[in-house]
Amino acid sequence: MMDEATLAQVRAADPHRSTWLTANAGSGKTRVLTDRVARLLLAGTAPERILCLTYTKAAATEMQNRLLARLGQWAMLPEPALRAELARLGEAGAPDLPAARRLFARAIETPGGLKVQTIHSFCAGVLRRFPIEAGVPHGFTELDDRSAALIRAEIIEEMARDQAPELQDLLALHSGERLDAFLAGLRGFEAPADRDALWTACGLAPGEDMRALLAQCFADGATVIAALVPHLLKGSTTDQKAAAKLAPGNWAQPGLAELAILESVLLTGAGAKAPFTAKYDGFPTKALRSGPCAELLDDLAILMARVEGARPRRIALAHAERTLALHRFGHAFLARYRAQKAAHGRLDFDDLIDRTARLLSENSMAQWVLFRLDGGIDHILVDEAQDTSPAQWQVIERLTDEFTAGQGARDQTRSLFVVGDPKQSIYSFQGADIAVFEARRTGFAQAFQAVQNPMQVLELRHSFRSSTAILSLVDQVFAGDAARGLGDPPQHRAFRTQMPGRVDLWPAIPKPDKPQPGDWTDPVDQPAENSETVQLARAVADAVGQMLGQPIHDAKTGAVRRIRAGDVLILVQRRSELFAEIIAALKSANLPVAGADRLKLAGEMAVQDIRALLSVLATPEDDLSLAACLRSPLFGLAEEQLYRLAAGRKRGEYLWRRLRESSHRHAVEVLADLMGQTGFMRPYDLVQRLLIRHGGRERLIARLGPEAQDGIDELLSQALSYESSETPSLTGFLVWLTGDDVEVRRQPGSAGDGEGLIRVMTVHGSKGLESPIVVMPDCAQRKPPREAPVLPGPDGLSLWRGRKGERPDPVEDLAAMQTERQLQERKRLLYVGLTRAESWLIVAAAGETGAAEDSWHAMVQAAWAAPTWPRRACRRPGAARSCGWPLATGPRTRRSRCCRKSPRWPSRTGCAPRRRRRRKSSGPSPRRLWAAPR
């Protein structure tokens, strides 16, 4: 008999029903996806008629591997085992076993393989199939991020050479810092600027301008100010300060500058009880109002009222002008950008989605294209639907239009399966919006209901990953108002109810009153020894070092085993100072750590050494590069050897000549060999010759560690990319490398890969991962979200964001809404981080944590204090040892624990490894709180 969690998965995988599935973290949505595809194949659906759309290539590969592994297993299972396997899948009755065994062969023999791909890959395939109908270059190539950045930089230089007037608009809007990020975010400026629409969006009447505003404000001039200034000069200190501000103005012919002066003098400030209102009873001072200025007060009050009324309109007009400048520049820039892409036959990722949506919706050939596609797709499965953008939904809707059009020409059951979790929507910067997720669910349900084929709306609440202790904490953290932005408040159920669990909450480490002075030779940006980040990083490293080798309950096998390095996952919100300090502390403690999950190619030591050698090959007279590569692991000269080689050279004598005459024959032979091949080999082949024939890879990895391989491999990939887009030459490749700093994304192994390595990454990067032990040290209060310079306005109109206090009310409301959405996404990010843990969760912070929802630490602490979270208190100082958990994860000031079902080594002799000797903690004194099922 099936349990409740399995029955929910079986219902969701029913191939005969269209399904909208909301799945909690760890509820097995990938299992449901593969089950549904397998049951579709068992029902006789041809593999080529099933389309699975995933969010990432890694997810597509994972799903395809799981599916093929299952089908391959079916082909080899004995008959009783195969019947049992199909029954667990939900296939009742007498299944066709020979057909089930043939599915693996059918899947691998399908032309093009199973259609498990990202939506970008699918759209690229559609456009390549219908290039004429879509109006795209035949044989186009996808534009990678690096090439796109180079094109954008080239366009800006071209506009400067052409003295394009729109470049002045850019200079008025942007300082130049992080310019490429600004340019990459420009979207929706294909049409010329609509001045009237922009004015309306800013709360202005069409045609309104600054000249009319000034004429209305200074209808009677501002002679009262000219008459007032002499009296102010004779008044109090406050009056004299006001006179100093007013004196430079041209009050005979006042303009915009004079209006700004009057606003600063005649209106209250931003911090006043009634901000930016006229100072009828406050200016000038009482002595002047009742004395020499009494006869001027009536005219002054009229001017004050006009200035007060003019201020919001002035702000709106100034903001509208900046928005107009944004549209002028955006339109001109994107026109050149499109021309550059067309000239090179390139499409970026946004083009793939937009062109496909346009092809399926607006093009005169849309019906023909849909007919051709419709003949090959009967079932569509969409994964990670919460991160699907509106444009991507448009493509999916067009593909499923025929599904809800009533009875078709073919008598075939057709279905749509959508799975997602609004609580895990953390990619708003790529267009994801949980409001769109909810709207599409309603829309699809109504469409299927209209054709008498209702879509079942289901939910998976059971977690096959986390323990009851962790899930109870998650539910409590996001209870009540804290669930804003997550959809419905989370409700989790643990599948493994008897699995022990533990949660540690460390007290936040405060900032030191005074930084401890370091050695004068230390870098100026190096954190002080008593810095809160350094203390927390060392405490984390100390805790991890103590837990390795201790027993833990394996969630997958149910057995007790020792904790390995690969079991530990450390998650941070961003790659900040704390991120680097944690990696440094782990390496200082000689713990196996995978290093940063992302790195800059130019910052990798191995890449710097190879680039230095390539520079020598291109220019042997480059003494500095030659010295750098000689000191590198490639040749391994000591500092003293290099000094003896370089010292005492005559003017004009190069280091390369000295090297050829020296006894360092290995370096001479390698360099001479590579120099002899420079004119014949491409950069990729030249680097490979260095790495393989001359043992460069082996030497670099031996000195720098296994993580050096990622940088080396990415450098080779960049060489191939360069050769595919440019005429290969060594000098050109070196120049091409300096054009942009490539970011390398590491793919650390899972906890099950041998002993593994301790993984340190951002919560964004951990999406889809899980680990027995999760440490979240970056839970302190953060600054407000960085504001994007462009706001999405009404009807898809983009507006300049501007600074607070310099925006009209409609734009201010839009900016506040966007900031609130970003804060809500931070909460969803916390949900993702907490739910990566299987058995043990540690939450810590360095710095201020605030209260309520000010920080992640404060939210967890508030949940911990809630009386509804199940836990039992146990204050036995030595209980951790008898429970089988590691020793203290920091000095113990107070503990709350429940020891039931905690893991312990089996009693059989020789099972438990030798306990490591405890090291004295160098970190703070965090309190350790944890809970397990009652």
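Me: Hi! Is Glu723 buried or exposed?
Reply: Hello! Glu723 is buried, with a relative accessible area of 12%. Keep in mind that this is a predicted model.

Me: Which residue does Glu723 meet in a salt bridge?
Reply: Its partner is Arg682, and the N to O distance is 3.0 Å. Arg682 sits in the loop between helix H29 (665–677) and helix H30 (683–693), while Glu723 belongs to helix H32 (residues 708–725), so the salt bridge ties together parts that are 41 residues apart in sequence.

Me: And Arg682, how accessible is that one?
Reply: Arg682 is partly exposed, at a relative accessible area of 39%.

Me: How many salt bridges does a search of the whole structure find?
Reply: The search finds 51. One of them joins Asp180 and Arg152, whose closest N and O atoms are 2.8 Å apart. Asp180 is in helix H10 and Arg152 is in helix H8 (residues 145–161), so this pair ties together parts 28 residues apart in sequence.

Me: Are Asp180 and Arg152 buried or exposed?
Reply: Asp180 is partly exposed, with a relative accessible area of 31%. Arg152 counts as buried at 10%.

Me: What about Arg414, which side chain does it meet in a salt bridge?
Reply: Arg414 meets Asp378, at 3.4 Å from N to O. That pair links distant parts of the chain, 36 residues apart: Arg414 is in the loop between helix H20 (390–400) and E7, and Asp378 is in the loop between helix H19 (366–374) and strand E6 (379–382). Arg414 counts as buried at 12% relative accessibility, and Asp378 counts as buried at 2%.

Me: Which residues do salt bridges that share partners join into one network?
Reply: Lys29, Asp383, Glu384, Asp387 and Lys767.

Me: Let's switch to sheets. What is the strand order in the open sheet of 6 strands?
Reply: The order is E11-E22-E19-E14-E18-E15, with parallel pairing. Strand E11 (502–505) and E15 stand at the edges with a single partner strand each, so one side of each has no neighbour in the sheet. On average, neighbouring strands of this sheet are turned by 20° against each other, direction ignored.

Me: Over how many bridges do E14 and E18 pair?
Reply: Strand E14 (residues 568–572) and strand E18 (residues 758–762) pair over 4 bridges, in the parallel sense. Within that pairing, Leu571 stands opposite Met761 in E18.

Me: Which strands does helix H35 touch?
Reply: Helix H35 (residues 856–865) packs on the sheet and touches E11, strand E19 (771–776) and E22. The direction of H35 makes about 120° with that of E11. There is also helix H22 (residues 468–477), which lies across E11 and strand E22 (837–843) and runs at about 55° to E22.

Me: Now helix H1. Which of its residues are buried?
Reply: Ala5, Ala8, Gln9, Val10 and Ala12 are the buried ones. What covers them includes E1, helix H2 (29–42), helix H4 (79–89), strand E7 (415–420), strand E8 (456–460) and strand E9 (462–463).

Me: What happens at the start of H1?
Reply: A side-chain oxygen of Asp3 reaches to within 3.2 Å of the backbone nitrogen of Ala5 there.

Me: And where is Ala13?
Reply: Ala13 is in the loop between helix H1 (4–12) and strand E1 (19–23). Ala13 counts as buried, at 1% relative accessibility. Leaving aside residues up to four places away in sequence, Ala13 touches Val32, Asp35, Arg36 and Arg39.

Me: Anything unusual to look at in the backbone? Which peptide bond is cis, say?
Reply: Try the bond from Phe283 to Pro284, which is cis with omega near -10°. Pro284 is found in the loop between helix H15 (256–266) and helix H16 (286–289). You could also look at Asn590, which has a positive phi of about 60° although it is not a glycine. Asn590 lies in the loop between helix H24 (577–588) and strand E15 (593–596), and it counts as exposed at 70% relative accessibility.

Me: Last one: how many disulfides are there?
Reply: The count comes to 0 disulfides. As for cysteines, Cys123 counts as buried at 0% relative accessibility, and Cys779 counts as buried at 1%.

Methods
Residues are numbered from 1 along each chain as its sequence is written. This is a predicted model: local features need pLDDT of at least 70, side-chain atom pairs count only at pLDDT 80 or more; totals for chains, interfaces and linings use all residues. Side-chain values use heavy atoms; hydrogens and water are left out. Helices (H or I, at least four residues) and strands (E, at least two) are DSSP runs, numbered from the N terminus. Buried means under 20% relative accessible area, exposed over 50%, partly exposed in between (1.4 Å probe, protein chains only). Contact means heavy atoms within 4.5 Å. A disulfide is a pair of cysteine sulfur atoms within 2.5 Å. Two strands pair if DSSP finds at least two bridges between them. Axes are lines fitted to C-alpha atoms, for helices over the stretch in contact, and angles run from 0 to 180 degrees between N-to-C directions. A polar contact is a pair of N or O atoms within 3.5 Å; within protein, one must be able to donate a hydrogen and the other to accept it, and residues adjacent in sequence count only if both atoms are side-chain atoms. A salt bridge is a side-chain nitrogen of Lys or Arg within 4 Å of a carboxyl oxygen of Asp or Glu.
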